[in-house]
Amino acid sequence: MERGMTSLKSAIETTTNVALLAITCLILWVFVAHRGLLLHSSAQASDFNTLSSRIISHPPGYEWKKHDETLVLALRSGCHFCSQSMPFYQRLSHLEQGNRLRAHLLVVMPDPESTARPELSAAGVNVESIFGQPLASIRVSGTPTLLLVDSAGHLKDAWVGQLQPEQEQEVVDKVKY
């Protein structure tokens, strides 16, 4: 009888442990999935109530005041979402070259120029670029991130992650003449 109770107790403990592990995994999965969705959606308008007053430090060698607006493309070599977004960045590059953007484009990458420039050139993204710059210096933690900054360094808008076509159009509409 005592042996049967020990087996039953052991089975209950095992079942409880498995259930707790499953619940923990589910909570972790929900957190990661939610975080992933945030990385692929543009920032919410309510976020800019606090962000619009944020001043972004200009990267070394660049002054915000040189242009009324700057659209910063914070990218990183090896970033899958950055690579997937290159056709959009090429489109922006072509718009700027055709003088059809009121915002100046600036790519900021933490990677050395020797690896990053060829990647941008191969993708047809020929814009002013700053390499070897830690992204945290412009308050960016993930890539790709687009920041629309005014001439005083105030953050006007931001988009994080690979954008959907309607989000890409929103960016174009905000920076095009």
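**View 1. Glu69, a buried acid with two basic partners.** In this predicted model, Glu69 counts as buried because its relative accessibility is 6%, well within the cut-off of under 20%. One of its partners is Lys156, and the closest N and O atoms of this salt bridge are 2.3 Å apart. Glu69 sits in strand E1 and Lys156 in strand E5, so the salt bridge ties together parts that are 87 residues apart in sequence. Lys156 itself is partly exposed, at 40% relative accessibility. Arg102 also forms a salt bridge with Glu69, here with 3.2 Å between the closest N and O atoms. This pair links strand E1 to the loop between H3 and E2, 33 residues apart. Arg102 is partly exposed too, with a relative accessible area of 36%.

**View 2. Lys174 and Asp157, a link between H5 and E5.** The salt bridge between Lys174 and Asp157 has its closest N and O atoms 2.3 Å apart. It joins helix H5, which holds Lys174, to strand E5, which holds Asp157, across 17 residues of sequence. Is each partner buried or partly exposed? Lys174 is partly exposed, with a relative accessible area of 30%, while Asp157 is buried, at 6%. Back at the site of the previous view, salt bridges with shared partners join Glu69, Arg102 and Lys156 into one network. The count of salt bridges comes to 4.

**View 3. Helix H5 and its two sides.** Which residues of H5 (residues 165–175) are buried? They are Gln167, Glu168, Val171, Val172 and Val175. Seen down the helix axis, these buried residues fall within an arc of 145°, so they line one face of H5. An α-helix has 3.6 residues a turn, so residues three or four places apart point the same way. The face turned away from the buried side carries the exposed residues Pro165, Glu166 and Asp173. As for what lies against the buried residues, they pack against strands E1 (69–74), E2 (103–108), E4 (145–150) and E5 (155–160), and also against helix H3 (80–97).

**View 4. Strand E2, enclosed by the rest of the structure.** In E2, 6 of the 6 residues are buried, so the strand is largely enclosed by its surroundings in the structure. Ala103, Leu105 and Val107 point one way from the strand, and His104, Leu106 and Val108 point the other way. This view fits a general pattern: in a regular strand the side chains alternate between the two faces of the sheet.

**View 5. The neighbours of E2 and the crossovers that lead to them.** E1 and E2 run parallel and are joined by 6 bridges, with Val72 standing opposite Leu106 in E2. E2 also pairs in the parallel sense with strand E3 (residues 128–130), over 3 bridges, and there the bridge partner of Leu106 is Glu128. From E2 the chain crosses through helix H4 (residues 113–122) to E3 in a right-handed β-α-β crossover. E1, H3 and E2 likewise make a right-handed β-α-β unit.

**View 6. Thr143, a buried loop residue.** Thr143 is found in the loop between E3 and E4. It counts as buried because its relative accessibility is 15%, and the cut-off is under 20%. Leaving aside neighbours within four places in sequence, Thr143 is in contact with Ala74, Leu75, Arg76, Cys79, Cys82 and Leu135.

How values were computed
Residues are numbered from 1 along each chain as its sequence is written. This is a predicted model: local features need pLDDT of at least 70, side-chain atom pairs count only at pLDDT 80 or more; totals for chains, interfaces and linings use all residues. Side-chain values use heavy atoms; hydrogens and water are left out. Buried means under 20% relative accessible area, exposed over 50%, partly exposed in between (1.4 Å probe, protein chains only). Helices (H or I, at least four residues) and strands (E, at least two) are DSSP runs, numbered from the N terminus. The arc is that of the directions from the helix axis to the C-beta atoms. Contact means heavy atoms within 4.5 Å. Two strands pair if DSSP finds at least two bridges between them. A crossover is right-handed if, with the strands pointing away from the viewer, the path from the first strand over the helix to the second runs clockwise. A salt bridge is a side-chain nitrogen of Lys or Arg within 4 Å of a carboxyl oxygen of Asp or Glu.
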